[in-house]
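The exercises below invite a careful reading of one structure, each followed by a solution in steps. Please look over the sequence and the 3D view before starting.

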Amino acid sequence: MSITKKSSRYDFSIIADWVPSDSKVLDLGCGDGELLNYLKAKKNVTGFGVEKDELNWLDALKNNIDVIQIDIESGLSEFETNSFDVVILSKTIQSMQNTEVVIKEMLRIGKQVIVTFPNFGYWKNRLQILSGKMPTSEELPYAWSDTPNIHLCTIEDFDNFCQKYQFKITGRKILTAKKSVEIFPNLFGALALYKLVSK
Amino acid sequence: MSEKNSVGIVKSKIFICKNPLKLDSGVLLKEYELSYETYGKLNAKCDNAVLVCHALSGNHHLAGRYSASDKCPGWWDSLIGPNKPLDTNKFFVIGVNNLGGSHGSTGPKSINPKTKKPWGSTFPIVTIQDWINSQNALINYLGISTLSGVLGGSLGGMQAVQWSIQYPEKVKNAIVIAAAPNLTAQNIAFNEVARQAIVTDTSFNKGDYYKLGVTPKIGLRIARMLGHITYLSDDIMGQKFGRKIKNKKYQYNLNTEFEIESYLNYQGDKFANEFDANTYIRMTKALDYFDPTNGNKKKLSTVFKNIQSEFLIISFTSDWRFSPKRSKEIVKALLDNNIKVSYAEITATSGHDAFLMSDDRYHNILRSYFKRMLGTK
């Protein structure tokens, strides 16, 4: 379920800044557990991973993650309301069928939600579309025909989405090549990180 | 010739417990015996022991063979042995025949020391809690104060759960496979049909058939045939047998016509010759009674409050006897208590019986988890 290669995961340090020390974290689509282990080392968090894919699941288990194999979209009823400090969906939202329901579930389970996604509005993506091709990049490594990414969005799209469903944005960071992007983020930002709470 | 990665030739041992055991039913068992086997070596710290609990028709013979000419190895030989997923080079593995069993432990066919006759109908009903208490006496005798793991599938998985509830400080890891927090009405219904098949067999004689030199084989074989249907999925039966017939064309008589019929008859006969009917009845009763929530008087989350073990829970997609949904109830109650748990749902066609198969993914999961146990000891 982890959609991008781990070598590109420079978003970890920002996520770590947003996660309180000693907090309890649920990482949805945890892949091999790299992010959770990073947070354990940096912020002394405890928590669980959720992973649907068999191979990723086994890697997570081997990496000492307590990992639950369920499909995020078939519901997260195993997790009680407000039972986690932070619920993370890192680079996975673009592959979800029912984006709104997933985020609502996350906000039910966690006091705070962190969502990260590749910005489809990034100029390099726009350029590839202008040149007549579906974009591929470090953040979007798949060809159009085999991509799990069915709901790609731009930063503007996501802002509107949060407004529509009344998700309160408490933090936002836009990155390109490990650097923060301040000017025209929807054009110059490759990766978006959002911190949300319920309104 | 030595078998690759086998524990080799093994021998059963008998543990005689002289300490009385007060059973859930109120009966006091003054003394009892448990037959058991061990594989691998208990280390100096005594912290590498894994107890394997058996299911309905299982026993303490987990791995290896009794002699070079022994046709079948122990029932979980695929899992247990040197360099196997449960590596006997690293772990000290214990198999025990449950109290009331028919493989050497004190049970209905044993001689009651008081009457000098087989217990038969007078052997008490035993529960999973009783088993855990008797298994605890065994591990104390073996010098083990903390189990690195308790592992079991089906009824064995329920014992692993109960161990972590009953002796929370003694179980580091519970590995619970194809199990459930209790039986559903449908599960109990199947058990009752099996029991009725046995008790209505004219040879049953209310359970006192030993002295008559007969056994209720007809009932026991029907019970086993029914059981086998529920351990398999419709798909795997279709794959294995389909509508294949034994002869070239239909015989239009009452003899077995289809291969599935032959298979069930063969399994039924084999079992009825090996297993004790009184034990079968008691094992199904233990399953029926198991319910840590005590009829929903308590939530499972509340029952799990004092658990100290970490958990690995595994279910199989085609298991309809103990479905993944039931395993997830256990997972949820553990998560509610913030207990460390990993859960895998394995795609398998074999139904409930999948827990005995050597599926690669399944064994890789167990191998990795046991390795993790060594790392965190």
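**Exercise 1.** How many residues does the contact take from chain A, and how many from chain B?

*Solution.* Keep in mind from the start that this is a predicted model. Begin with the count on each side: the contact takes 13 residues from chain A and 17 residues from chain B. Next, look at which elements supply the side of chain A that touches chain B: helix 3 (54-62) and strand 3 (67-68) of chain A each contribute at least two residues to it. Helix 3 of chain A gives the most to this side, namely five residues. Finally, sort the residues of that side by class, which yields six nonpolar, two polar and five charged.

**Exercise 2.** Describe the build of chain B, and decide how compact it is for its length.

*Solution.* Start with the secondary structure, for which chain B has ten helices and 14 strands. Then compare the radius of gyration of chain B, 21 Å, with the 21 Å that the globule rule gives for 377 residues; the two are close, so chain B is as compact as a globular protein of that length. The C-alpha atoms of chain B, taken along the principal axes, fill a box of roughly 65 × 55 × 50 Å. As for burial, 48% of the 377 residues of chain B count as buried. Last, consider the contacts in chain B between residues at least 6 apart in sequence, of which 71% join residues at least 24 apart.

**Exercise 3.** Into which domains is chain B divided, and what does each give to the contact between them?

*Solution.* First set the bounds: chain B is divided into domain 1 (13-182 + 296-375) and domain 2 (188-285). The C-alpha centres of these two domains of chain B lie 25 Å apart. Their contact takes 22 residues from domain 1 of chain B and 19 residues from domain 2 of chain B. On the side of domain 1 of chain B that touches domain 2 of chain B, the classes are seven nonpolar, twelve polar and three charged residues.

**Exercise 4.** Which residues have the most contacts inside the largest nonpolar core?

*Solution.* The largest nonpolar core has 147 residues, and B:Val93 and B:Val176 are those with the most contacts inside it. This core draws at least three residues from each of domain 1 and domain 2 of chain B. To follow one of these residues further, leave out residues up to four places away in sequence; B:Val176 then touches B:Gly157, B:Ala160, B:Val161, B:Phe311, B:Ile313 and B:Ile330.

Note on methods: Residues are numbered from 1 along each chain as its sequence is written. Chains are lettered from A and ligands numbered from 1 in the order in which they are written. This is a predicted model: local features need pLDDT of at least 70, side-chain atom pairs count only at pLDDT 80 or more; totals for chains, interfaces and linings use all residues. A nonpolar core is a set of buried Ala, Val, Leu, Ile, Met, Phe, Trp, Tyr and Cys residues joined through C-beta atoms within 7 Å. A residue is buried if 20 or more other C-beta atoms lie within 10 Å of its own, exposed if 12 or fewer, and partly exposed in between; C-beta atoms are placed from the backbone. Domain bounds come from an automatic or database domain assignment. Two residues are in contact if their C-beta atoms, placed from the backbone, lie within 7 Å. Helices (H or I, at least four residues) and strands (E, at least two) are DSSP runs, numbered from the N terminus. Ala, Val, Leu, Ile, Met, Phe, Trp, Tyr, Cys and Pro count as nonpolar, Asp, Glu, Lys and Arg as charged, and the others, Gly among them, as polar. The radius of gyration is taken over C-alpha atoms; the globule rule is 2.2 Å times the number of residues to the power 0.38.
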